[in-house]
Amino acid sequence: MTTHTSTLSEYRHKLATNRLGLWLFILSDTFVFGGLYVSRFYLLGTTQRPDVNQLLGFVVTSVLLVSSYFMNRAESAMANGDRKNFLRGTLATLILGIIFLVGVVGVEWQIAPFGPGDGAAASLFYTMTGFHAFHVLTGVIFLSVVYRNGRKGHYSPERHWAVEACAVYWHFVDVVWIFFYPALYLIGLPPV
Amino acid sequence: MDEKMMEDRKQEAFRIGTAVIILLAVLTIGEYWLGSIASVWWAPLLGIAILKAFFVVRDYMHLPRLFASEEEAQE
């Protein structure tokens with residue numbers, strides 16, 4: 001019992017350090033996304049935007065937001081010992097993440113009337129969406145690992161740092177898109 | 001922690017999660033509508049984005065956990 005208590009106390013201490021590390025990583029990544037975000041306004045101002053499909057932008061944004069809802073549900077379920085809802089939520093997040101990727105890379109990139117080589121603004125559009133999509137892909141891989149481990153019976157209400165880290169990372173990717181969506185799809189008019 | 005307490009905590013977390021997604025949905029629809037009718041109004045669109053990000057960071061990413069004590073953060 002003493003050993004268990006001391007181990008749990010060590011785990012909690014490590015958890016605090018892990019959390020700090022993850023947030024520092026997120027902060028550093030924010031600067032990269034922030035640079036891309038500022039570049040968009042430098043190149044196009046607030047009166048112009050890339051010639052993209054607004055409805056598709058709305059759909060992929062909704063998909064990502066709903067995925068965050070399921071991720072939060074999955075994490076809360078694991079933190080309170082509900083493995084069934086944890087697995088369901090993780091799987092739903094994973095599927096929605098893949099749908100988002102297909103929407104942006106598989107559809108938007110194909111129907112956009114410009115390519116990455118058509119000037120700085122066009123190139124920036126592909127950099128912003130591509131860099132973000134790469135983060136989504138990383139999140140999907142992370143989710144697959146967490147889902148697989150969860151199915152094997154790993155994690156408990158006391159010890160589920162991987163689930164929490166995966167959730168925080170996923171929500172971060174969502175927050176980035178919350179800013180990218182109006183910048184790429186809503187603010188300004190497409191070129192005539 | 002007993003099962004009843006965990007169940008209550010889970011239900012509370014689910015309730016907050018649902019309230020946040022409803023709020024995000026309303027804001028996103030408003031954002032889309034605003035972008036379609038007045039796309040040069042960048043300030044309100046940026047304001048909506050900040051508001052949405054605030055709720056995600058606070059309620060989904062649980063930023064306050066970072067500043068909690070080790071015991072509180074576990075709860």
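## The bend in α5(A)

In this predicted model, helix α5(A) takes a turn of about 30° at A:F180. There's a proline shortly after the bend: A:P182 follows within four residues. Even so, the helix's reach is close to what you'd expect: its 26 residues reach 37 Å from first C-alpha to last, against 38 Å expected at 1.5 Å a residue.

Just past the helix sits A:G188, with a positive phi near 90°.

## Mostly under cover

So how much of α5(A) is buried? Mostly it's covered, with 23 of its 26 residues buried. The bend residue, A:F180, is in contact with A:M128 and A:H132, once you set aside its neighbours within four places in sequence.

## The nonpolar core

A:F180 turns up again in the largest nonpolar core, a set of 53 residues. Together with A:V176, A:F180 touches the most other members. As a general point, nonpolar side chains in soluble globular proteins tend to be buried together.

This core draws on both chains: α2, α3 (83-111), α4 (120-151) and α5 of chain A each give two or more residues, and so do α1 (3-37) and α2 (42-60) of chain B. The biggest giver is α5(A), with 19 residues.

## Where chain A meets chain B

Here 38 residues of chain A are in contact with 30 residues of chain B. On the chain A side, α1 (2-44), α2 (54-79) and α5 (161-186) each supply at least two residues, and α2(A) has the largest share, with twelve.

What's the make-up of that side of chain A? It splits into 20 nonpolar, 13 polar and five charged residues.

Technical notes:
Residues numbered from 1 in each chain as written. Chains lettered and ligands numbered in written order. Predicted model: local features only at pLDDT ≥ 70, side-chain atom pairs only at ≥ 80, totals over all residues. Contact = placed C-beta atoms within 7 Å. Nonpolar A, V, L, I, M, F, W, Y, C, P; charged D, E, K, R; others polar. Core = buried A, V, L, I, M, F, W, Y, C linked by C-beta atoms within 7 Å. Buried ≥ 20, exposed ≤ 12 C-beta atoms within 10 Å, placed from the backbone. Expected span 1.5 Å × (residues − 1). Bend = angle between axes of the 7 residues up to and from the residue.
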